[in-house]
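User: I am new to this structure and would like to learn how to read its interior. Could you take me through it step by step?

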Amino acid sequence: MDEEMIDYAALVNERYALNGFMHYNHIELEKAERDRAVFRIVIRPENRNPFEQLAGGAIYTMADLVGGAAALTDGRCYVTQSSSFHFIRNVASGTVYATGSVIHRGKSTCLVNVDVHEETGRLLATGEFSFFSVDREIMNRKRPADSVYKKKTAQA
C-alpha cells in the first residue's frame, strides 16, 4: 500500500478504541503520522493532584500511550518494555500535549522519544520509551474471559 494513502489517525484510533484506561483519563488523539503521534488532555478537576496541578500519573500515562501510538504506526502491536522519564514542571489548567517520535525501529523493539508540553509550548516532561513488538494473535488469546474485545468480535 502506498504510504501516502495510509490513514495513521484511523490506525491509532482503531487500536486504542478499547483502551478503557485512556478514555477514563480523558486522553485523546490529536494527530498521527508515520513514526509520530500527538495526544492531548484537557486538565479537569478529576485529573489534578492534591496541589491542584495535573497529576504526574496522568502525564506519564499520556506519554506512554503516545509513545505506543507512534510505535504502532508501522502496523505491528507493541507493549511497553521500559522507559526513562523526567518531570520538569507542572501546570494547573489548560490543555497539555504529548508528542511521540520514533527514534529507532528494530526487528522486535521500537525506541520512542516523548515530549510533554503545555499550550504555550513550554516543556513539562520528557523521556524515552522502549516498546516490544508482540504477536497480535497471542495477545488476543490472553484477553480475559470478560473482555469487551472478545464480546465485540463474537457478536460480529
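Analyst: Two residues are said to be in contact when heavy atoms of theirs lie within 4.5 Å. With that in mind, and remembering that this is a predicted model, we can turn to a single residue and its neighbours.

User: Which residues does Val-96 touch, leaving aside those up to four places away in sequence?

Analyst: Val-96 touches Phe-39, Arg-40, Ile-41, Ile-43, Leu-54, Met-62, Val-91, Val-116, His-117 and Leu-124. Val-96 is also among the residues with the most contacts inside the largest nonpolar core, which has 36 residues, and Val-12, Tyr-16, Phe-39, Met-62, Val-112 and Val-116 are listed with it.

User: Which element gives the most to this core?

Analyst: Helix α3 does, with 9 residues.

User: How should I read the aromatic rings, and how many aromatic pairs are there?

Analyst: Rings pair if their centres lie within 6.5 Å, and by this rule there are 6 aromatic pairs. In one of them, Tyr-60 and Phe-85 meet edge-to-face, with 5.4 Å centre to centre and 85° between the planes. This pair links distant parts of the chain, since Tyr-60 lies in helix α3 and Phe-85 in strand β3, 25 residues apart.

User: Why does Tyr-60 count as partly exposed, and why does Phe-85 count as buried?

Analyst: Tyr-60 counts as partly exposed because its relative accessibility is 29%, whereas Phe-85 counts as buried because its value is 14%, and buried means under 20%.

User: Are Phe-129 and Phe-131 buried or exposed?

Analyst: Both Phe-129 and Phe-131 are buried, and ring pairs link them with Tyr-60, Phe-85 and Phe-87 into a cluster.

Conventions:
Residues are numbered from 1 along each chain as its sequence is written. This is a predicted model: local features need pLDDT of at least 70, side-chain atom pairs count only at pLDDT 80 or more; totals for chains, interfaces and linings use all residues. Side-chain values use heavy atoms; hydrogens and water are left out. A nonpolar core is a set of buried Ala, Val, Leu, Ile, Met, Phe, Trp, Tyr and Cys residues joined through side-chain atoms within 4.5 Å. Buried means under 20% relative accessible area, exposed over 50%, partly exposed in between (1.4 Å probe, protein chains only). Helices (H or I, at least four residues) and strands (E, at least two) are DSSP runs, numbered from the N terminus. Rings of Phe, Tyr and Trp (its six-membered ring) pair if their centres lie within 6.5 Å; planes under 30 degrees apart count as stacked, over 60 as edge-to-face and the rest as tilted.
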